[in-house]
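This report describes a structure for a reader who has not met it before. The sequence and the model come first, and the description follows.

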Amino acid sequence: FCKNIVLAGVGSVTLVDDRVVTDESLPANFLILPHENHYNGKTLAEVCCDSLKEFNPMVHVAVERGDISTFGVEFFEKFDAVIISCCSLGKKKLINQKCRKLSKRVAFYTVECRGSCGEMFVDLQDYKYSKKKLEETIECQIEYPSFEEAILVPWRALPRRMSKLYFAMRVIEQFEDVEGRNPGETSIADRLGVLKLRKELCETNSLDESQIPDALLERLLTDTREFPPVCAIIGGILGQEVIKAISGKGDPLKNFFFFDAMDGKGLIEDISGPSTRS
Amino acid sequence: FGSKLQKKLEDAKVFIVGSGALGCEFLKNIALMGVSCGDQGKLTITDDDVIEKSNLSRQFLFRDWNIGQAKSTVAASAAASINSRLNIEALQNRVGPETENVFDDTFWENLTVIINALDNVNARLYIDQRCLYFQKPLLESGTLGAKCNTQMVIPHLTENYGASRDPPEKQAPMCTVHSFPHNIDHCLTWARSEFEGLLEKTPAEVNAYLSNPVEYKTAQRNAGDAQARDNLEQVLECLEKEKCETFQDCIAWARLRFEDYFVNRVKQLIYTFPEDAATSTGAPFWSAPKRFPQPLKFSVADPSHLQFVMAASILRAETFGIPIPDWIEHPKMLAEAIEKLIVPDFEPKKDVKIVTDEKATTLSVASIDDAAVIDELIFKLELCTKNLPLGFKMKPIQFEKDDDTNYHMDLIAGLANMRARNYSIPEVDKLKAKFIAGRIIPAIATSTAMATGLVCLELYKALDGGHKLEDYRNTFANLALPLFSMAEPVPPKTIKHGDMSWTVWDRWILKGNPSLRELIQWLKDKGLNAYSISYGSCLLYNSMFLRHRERMDKKMVDLALEVAKAELGPNRKHLDVVVACEDDEDNDIDIPQISIYFA
């Protein structure tokens, strides 16, 4: 994703990722070249920053250190778009709230790539944009719910053919939250715990358990690492969405996107409460 | 996916055709995925193009300092640094019939899968044919701005790429462009064509004459048609009436071009077809979409008029090798120079033929006495050539849209906009003109990334093998809307005959160095009467020709060598023929290609 927006020529990109570069970081991240063994202790953000600068010298790429959940609201005011990945449920909600608190509209995106699946969430708050209809340009406006609002929409209110991946991701998200895990720190050993949680959530939401297949959950538990082709696909789409949001032109995605390499389907789902439907 | 599949990936022998935007993304993915990274694996990538600055916005394996280097080699080394175990070979050959000595039978037969990363349909069709012939999977994809599509072509499972063709792009009819434009595209197409004619073709024509006068004259005489007459008229005009020796001459030429294009021709047009003119059916001639034009009036006070003259005179001077004065960009000085000129009055003529037929493909109007006119022109040409300095040659100019200092786009925009003004069509700025005239299709990194990601997922399936049709996905997506549409590929069309059935993927194989008689009998045994056999574009046998009966006992390979003068290198063990057959009811049956093994 970063490659795409840097190539497009955005004004600046600030990276936040204090995780240290390890061998495990290499397989899906082409911004980190294996032969440069002098990483010792450099963070992901720092290494990627250097690589990204090369793609387009006109883009200012910088690194911000620290835990993003501790950053104050003023930090987010510097940006037009905030994209978070590998963040816990708590962090997602928190950062989304901070973006919404500002008088300036800051676009908010979450993106998760787990194995063969990918999920994207978009929150453009109150969004006005223009688009071309036939020969003329018309102005449109749509309202987005926050992440918290979206996931609070009762499951039984959602259409039947809703992507199963949505529910599965929410279950795993909850599980990680409840168990105090870092995102992606699950494994097949957690299977029973996850299935139990699924049962609870389904009961609370009056949703049939078959809507969240065992096989799907197992896949999400075992392949937690990012998978290059899926990242390329999601990265391309996300890049385009951010460019659309910044330029204010063209219909944006609302508000979730799911991709599953197993069936090769890419689905856009609109999960918003009744008050925020466009 | 397990280590077995990973091993298959590592040992894969992949051919990537093209190393631009799609190619770079593919290499990145493939290096990360570990394809062709084992001892048996090999990745071959080829592209005959060189890196330009405008490529850098999405061909991200290239950097500033790579500009001018070959795309494939730079991409290959960048990919190797992502994964040092990648076995990659970079070539600079353009795929096509001419490079079949590089990409020979052995090369193709050893491949596991082919991935297209091309930018044109013709190359795609060629690769499709090759994959069809060698029965190899082809992963095809393409992008157009925010749109992209992916298509899987799997031998014996799906239809091939060439099985479905897009409808051809509509091109504006000649007469629309030449006399009846109604949008800025027509004006720009016309501008492009005039630019080429005045500044490239005519000087090149002049040079053709000057470098070999005798041959040139003979060629025109022999052709003796309207085209030849036009050629000579242009050359003569350039060397005689409109010859430029000083810069002032060039200004005069430019000013007169203005007068001709935007005043006189329009006057003639509306004289021949007045505003209230009617067609043969009584309907108004100037009904939509035709727009009724008005002639312009040249004025040195109008900056766009001045710009036109400036750009035109500069480029004219270039073709004659005349130095361009420093003061050219000062409007006042240019205006003064123009005002010194005498512009003749124009009276429209009565019986001028203007082409109105939309289906006409040429504007040259033939007349009976072309041959006589040609002789006269040649005579005049010979006369004026004597007045030329020794070794005189013109410099044809090739349109280069990206150099902002060369005045090319200035002239194109000027031509198009003045014409637009004649026809009350909204004008465009230079940048927009460049966009339309240069047929620039914006290419972006996002759709490219997505398309290649989707293809790489299919690559797993293709390399794994044994997947059924329903497992594969073709995608069409538009990131601008956004829209994502995935579908299963379509199976190939099956042809049945008797109890046999086949698809475009099948080839029938005959071994044992058969003769013509044996081949025909073999087909007869299947209930097929072969009446025509060809090798490439050469006919080896046709049942209509009695003479061909003599060939019956010749070996097929000998027929190919003797009749078709086939070039069969030492490695070749087989040759392919196309046989036209009928069944017993005289119905034509499309049969697969037949491979005849003679060794």
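## Contact between the chains

The contact takes 38 residues from chain A and 33 residues from chain B. The model is a predicted one. About 2800 Å² of area is buried between chain A and chain B, and carbon and sulfur atoms give 69% of this area. On the side of chain A, Leu7(A), Phe30(A) and Gln240(A) supply 18% of the area that this chain buries against chain B, more than any other three residues.

The count of salt bridges between chain A and chain B is 2. In a salt bridge between the two chains, the side chain of Lys3(A) meets that of Glu25(B), with 2.3 Å from N to O.

## Chain B as a whole

Chain B has 599 residues, of which 49% count as buried. The secondary structure of chain B consists of 18 helices and 16 strands. Measured out along its principal axes would be one way to picture its extent: the C-alpha trace of chain B spans about 85 × 65 × 60 Å. Among the contacts in chain B with a separation of 6 or more, 70% come from residues 24 or more positions apart.

The domain assignment divides chain B into domain 1 (2-168 + 442-487), domain 2 (182-424) and domain 3 (494-597). Domain 1 is thus given as two segments of the chain. Taken over C-alpha atoms, the centres of domain 2 of chain B and domain 3 of chain B are separated by 56 Å.

## Three parallel strands in chain B

Strand β2 of chain B covers residues 42-46, and 4 of its 5 residues are buried, so the strand is largely enclosed by the rest of the structure. Strand β1 (residues 13-17) of chain B runs parallel to β2(B), and 5 bridges join the two. In this pairing, Lys13(B) has Lys42(B) as its bridge partner in β2(B). Between β1(B) and β2(B) the chain passes through helix α2 (residues 21-33) of chain B, and this β-α-β crossover is right-handed.

β2(B) also pairs with strand β3 (residues 88-91) of chain B, in the parallel sense and over 4 bridges. Here the bridge partner of Thr46(B) is Leu91(B), in β3(B). The path from β2(B) to β3(B) goes through helix α3 (residues 71-82) of chain B, and this β-α-β crossover is right-handed.

## Backbone exceptions

Most residues other than glycine have a negative phi, and most peptide bonds are trans. The residues below depart from one or other of these patterns.

Lys254(A) and Asn255(A) are joined by a cis peptide bond, with omega about -25°. Asn255(A) sits in the loop between α9 (228-247) and β8 (256-260) of chain A. In chain B, a cis peptide bond with omega about -15° joins Leu481(B) and Pro482(B). The loop that holds Pro482(B) is the one between β7 (474-478) and β8 (483-487) of chain B.

His156(B) is not a glycine, yet its phi is positive, about 65°. This residue lies in the loop between β6 (147-153) and α6 (174-178) of chain B. With a relative accessible area of 41%, His156(B) is partly exposed. Ser424(B), also a residue other than glycine, has a positive phi near 55°. Ser424(B) belongs to the loop between α14 (408-422) and α15 (430-437) of chain B.

Technical notes:
Residues are numbered from 1 along each chain as its sequence is written. Chains are lettered from A and ligands numbered from 1 in the order in which they are written. This is a predicted model: local features need pLDDT of at least 70, side-chain atom pairs count only at pLDDT 80 or more; totals for chains, interfaces and linings use all residues. Side-chain values use heavy atoms; hydrogens and water are left out. Domain bounds come from an automatic or database domain assignment. Buried means under 20% relative accessible area, exposed over 50%, partly exposed in between (1.4 Å probe, protein chains only). Two strands pair if DSSP finds at least two bridges between them. A crossover is right-handed if, with the strands pointing away from the viewer, the path from the first strand over the helix to the second runs clockwise. Contact means heavy atoms within 4.5 Å. Buried area is the accessible area (1.4 Å probe) that two parts lose on being put together, summed over both. A salt bridge is a side-chain nitrogen of Lys or Arg within 4 Å of a carboxyl oxygen of Asp or Glu.
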